[in-house]
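Reader: Could you take me through the geometry of this model, one question at a time, and show how each answer is reached?

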Amino acid sequence: MAAPMKPDGRPAESVPDVALEDIEVELFVRALQLGHGYDFSQYSPASLKRRVLQLVQTQQTGTISELTARLLHEAGFLQTVLEGLSVPVSEMFRDPDVFRTLREQVFPLLASYPQINIWQAGCAHGQEVYSLAILLEEAGLYERTQIYATDFNESALRHAQEGIYPAKEAQLWSRNYLAAGGSHTLADYYSARYELIKLDQRLRRNVIFANHNLVTDEVFCEAHLVLCRNVLIYFSDPLQDRTLALFRDSLVRGGFLCLGTRESLDFAPSAADFVPVDTGLRIYRLGPRTPAGE
């Protein structure tokens, strides 16, 4: 059998495995966008490829192309894919110094508002949402606070609404809570049964869980504080810039932005709009708007 030839008559060369995987990832992303309306084209390529390959392994499809075929032809497989591509990993009071600084430096300034709106973008399984609710409760601010907790992953949102977590996490979370300046014990806020803990559902009373995609959706609410921690690290630079502009446009004048400790405003176009509250902890405050042309 003759070897395959290129259109110009030269022998065709085989595509290296690494390059082939990149082509398959690109086709997979395109299928996800055209077939289901989810755009992952601006996610960090290395991070996205790693998660797609993890999906291939967990779903035992053999290749990314087979994963794409299931995405296009198998009803209900989309949710499995979205769960695999999102990163719903967190813990209560993660980075306790961040929550302590919010409690000591940000909450007293938010207290001047008659109504406080907080947007927790990329809320994952809700651990940080409930952390906020607890500290706001202890600061006497929760009754006039509305927390909007959003994510594009419907499964993660359902998990967050339930507020049920493995009991094995409670010891670490209790240490985090105390380090964050908690004034009681974390056990005051949950009940334990078997190998699970369930957070007090009263903590949900001022939380609205909603689907929102930072890649494609617009401003979600007018907020006094926006938290989006350890989400931007998975985005490409252009998508990071878009998202930070979205947060800027969501904040009231003097509102606060809290990012993950591995994220930064340093090189973003919107950096000039913010002043640091604590650069190391990635907490910023929206300054006066600069008129166009200045």
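Author: Helices here are DSSP runs of H or I with at least four residues, and they are numbered from the N terminus. Please keep in mind throughout that this is a predicted model.

Reader: In which loop is the place of Phe-93, and is Phe-93 buried or exposed?
Author: Phe-93 sits in the loop between helix H4 (77–85) and helix H5 (96–110), and this residue has a positive phi of about 55° although it is not a glycine. Most residues other than glycine have a negative phi. Since buried means under 20% relative accessible area, the value of 0% for Phe-93 makes this residue buried.

Reader: How does Asp-95, in the loop between H4 and H5, count in terms of relative accessibility?
Author: Asp-95 also has a positive phi of about 55° although it is not a glycine. The class between buried, under 20%, and exposed, over 50%, is the one called partly exposed. With a relative accessibility of 27%, Asp-95 therefore counts as partly exposed.

Reader: How are H2 and H3 oriented to each other?
Author: The axes of helix H2 (residues 45–59) and helix H3 (residues 64–73) come within 9 Å and cross at roughly 80°. In their contact, Val-52, Leu-53, Leu-55, Val-56 and Gln-59 of H2 meet Ile-64, Leu-67 and Arg-70 of H3, a set that divides into six nonpolar residues, one polar and one charged. Because angles of 65 to 115 degrees count as roughly perpendicular, H2 and H3 are roughly perpendicular to each other.

Reader: How far apart are the end C-alpha atoms of helix H6 (residues 127–138), and what span should its twelve residues have?
Author: H6 is mostly covered, with ten of its twelve residues buried, among them Tyr-130, Leu-132 and Ile-134. At 1.5 Å a residue, the expected span of H6 is 16 Å, which agrees with the distance between its end C-alpha atoms, 17 Å.

Reader: What is the strand order of the open sheet of seven strands?
Author: The pairing in this sheet is mixed; strand E7 (residues 223–228) and strand E8 (residues 251–259), for instance, run parallel and are joined by five bridges, and Leu-225 has Phe-256 in E8 as its bridge partner. H6 packs on the sheet, touching strand E1 (116–121), strand E2 (145–151), E6 and E7. The edge strands are E6 (207–211) and E9 (274–278), each of which pairs on one side only. The order is E6-E2-E1-E7-E8-E10-E9.

Reader: At what angle to E6 does helix H7 (residues 154–162) run?
Author: Helix H7 lies across both E2 and E6. The angle between the direction of H7 and that of E6 is about 165°.

Definitions and conventions
Residues numbered from 1 in each chain as written. Predicted model: local features only at pLDDT ≥ 70, side-chain atom pairs only at ≥ 80, totals over all residues. Heavy atoms only, no water. Axes fitted to C-alpha atoms, helices over the stretch in contact; angles between N-to-C directions. Helix = DSSP H or I, 4+ residues; strand = E, 2+ residues; numbered from the N terminus. Parallel < 35°, antiparallel > 145°, perpendicular 65-115°, else oblique. Contact = heavy atoms within 4.5 Å. Nonpolar A, V, L, I, M, F, W, Y, C, P; charged D, E, K, R; others polar. Expected span 1.5 Å × (residues − 1). Buried < 20%, exposed > 50% of the residue type's maximum accessible area, 1.4 Å probe, protein only. Pairing = 2+ DSSP bridges.
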